[in-house]
Amino acid sequence: MTQEDGDLDSLVRKRIRALRVAQGWSLEELATRARLSQSTLSRIENGQRRLALDSLVTLARALDTTLDQLVETATDDVVTSPMIDAARGQMRWPIKGEPGMTVIRQRMTEPPPDNPSRMRAHPGREWLVVLSGTAILMLGHRRFRIETNQAAEFPTMMPHAIGAEGGPCEILGIFDRDARRGHQRDNGTGDGGGDGSGESADRDPGH
């Protein structure tokens with residue numbers, strides 16, 4: 001066994017114990033859930049028993065996680081820099097752990113549109129937090145005022161638009177894969193352009 005393999009082996013054992021403790025479970029409780037004997041689980045945690053794939057799959061399921069998450073290791077690219085779209089005033093970060101998820105930071109200056117026809121709807125979900133200023137979220141026929149440090153989460157199948165109130169605001173939005181695709185279709189681009197409103201806020205706060 002190489003040092004790298006040994007480090008991973010030790011990490012997985014520590015992770016199993018940490019997840020069990022975090023759930024408030026005793027060895028007996030997790031062993032029962034995983035259909036293992038208590039002594040087997042104890043030897044797995046203590047490094048006295050070989051980590052078998054079938055046992056890891058069973059333990060991952062019992063701990064409400066996945067095998068990939070149970071054995072994942074830290075990567076070198078922990079810190080990433082944003083992709084900057086100066087024309088739209090955006091910063092974008094892809095989320096590696098959730099393929100298809102994207103984080104966007106956007107400065108908005110215009111209020112949301114008064115015309116409902118400029119509101120957009122498409123599959124997906126979005127989550128946003130206001131970093132500064134006040135944002136207005138139009139969701140169907142409802143109007144939500146979102147202050148600094150407040151957040152909103154909504155299904156994008158509802159017609160929606162986002163804009164600023166009383167001056168510029170900055171938002172940080174998280175979009176799932178379907179929501180990002182909806183933005184790309186709305187913008188007529190394939191580069192993932194768009195923000196919490198689907199367009200550059202300085203030009204078109206409609207989604």
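Colleague: Where is the place of Thr102?

Modeller: Thr102 sits in strand E3, residues 102-108. Keep in mind that this is a predicted model.

Colleague: Is Thr102 buried or exposed?

Modeller: Buried means under 20% relative accessible area. Thr102 has 13% relative accessibility, so Thr102 counts as buried.

Colleague: Which residues does Thr102 touch, not counting those up to four places away in sequence?

Modeller: Thr102 touches Arg92, Trp93 and Pro94. The list also includes Gly173, Ile174, Phe175 and Arg180.

Colleague: Now the sheet. How do I read strand pairing in general, and in what order do the six strands stand here?

Modeller: Strands of a sheet pair through backbone hydrogen bonds, and the pairing is either parallel or antiparallel. Here six strands form an open sheet, in the order E1-E2-E3-E9-E4-E7. The pairing is antiparallel.

Colleague: Which strands stand at the edges?

Modeller: Strand E1 (83-85) and strand E7 (151-155) do. Each has a single partner strand, so one side of each is left without a neighbour in the sheet. From one strand to the next, the twist averages 20°.

Colleague: How many bridges join E4 to E7?

Modeller: Five bridges join strand E4, residues 125-132, to E7. The two run antiparallel. Arg125 stands opposite Pro155 in E7.

Colleague: On to the helices. At what angle do the axes of H2 and H4 cross?

Modeller: Roughly 110°. Angles of 65 to 115 degrees count as roughly perpendicular, and H2 and H4 are therefore roughly perpendicular to each other. The axes of H2 (residues 27-34) and H4 (residues 53-62) come within 9 Å.

Colleague: Which residues make the contact between H2 and H4?

Modeller: H2 brings Leu30, Arg33 and Ala34. H4 brings Thr58, Leu59 and Ala62. By class, that contact of H2 with H4 has four nonpolar, one polar and one charged residues.

Colleague: What is the general idea of a core, and which residues of the largest nonpolar core touch the most other members?

Modeller: In soluble globular proteins, nonpolar side chains tend to be buried together. The largest nonpolar core here has 16 residues, and Ile16, Leu30 and Leu59 touch the most other members. Helix H1 (3-22), H2, helix H3 (38-46) and H4 each supply at least two residues of this core. H4 gives the most, with four residues.

Colleague: What is Ile16 in contact with, leaving aside its neighbours within four places in sequence?

Modeller: Ile16 is in contact with Leu30, Leu41, Ile44, Glu45, Leu56, Leu59, Leu63 and Leu70. Another core, of 13 residues, lies apart from the largest one. Among its members are Val130, Ala135, Ile146 and Ile162.

Methods:
Residues numbered from 1 in each chain as written. Predicted model: local features only at pLDDT ≥ 70, side-chain atom pairs only at ≥ 80, totals over all residues. Heavy atoms only, no water. Axes fitted to C-alpha atoms, helices over the stretch in contact; angles between N-to-C directions. Parallel < 35°, antiparallel > 145°, perpendicular 65-115°, else oblique. Contact = heavy atoms within 4.5 Å. Nonpolar A, V, L, I, M, F, W, Y, C, P; charged D, E, K, R; others polar. Core = buried A, V, L, I, M, F, W, Y, C linked by side-chain atoms within 4.5 Å. Buried < 20%, exposed > 50% of the residue type's maximum accessible area, 1.4 Å probe, protein only. Pairing = 2+ DSSP bridges.
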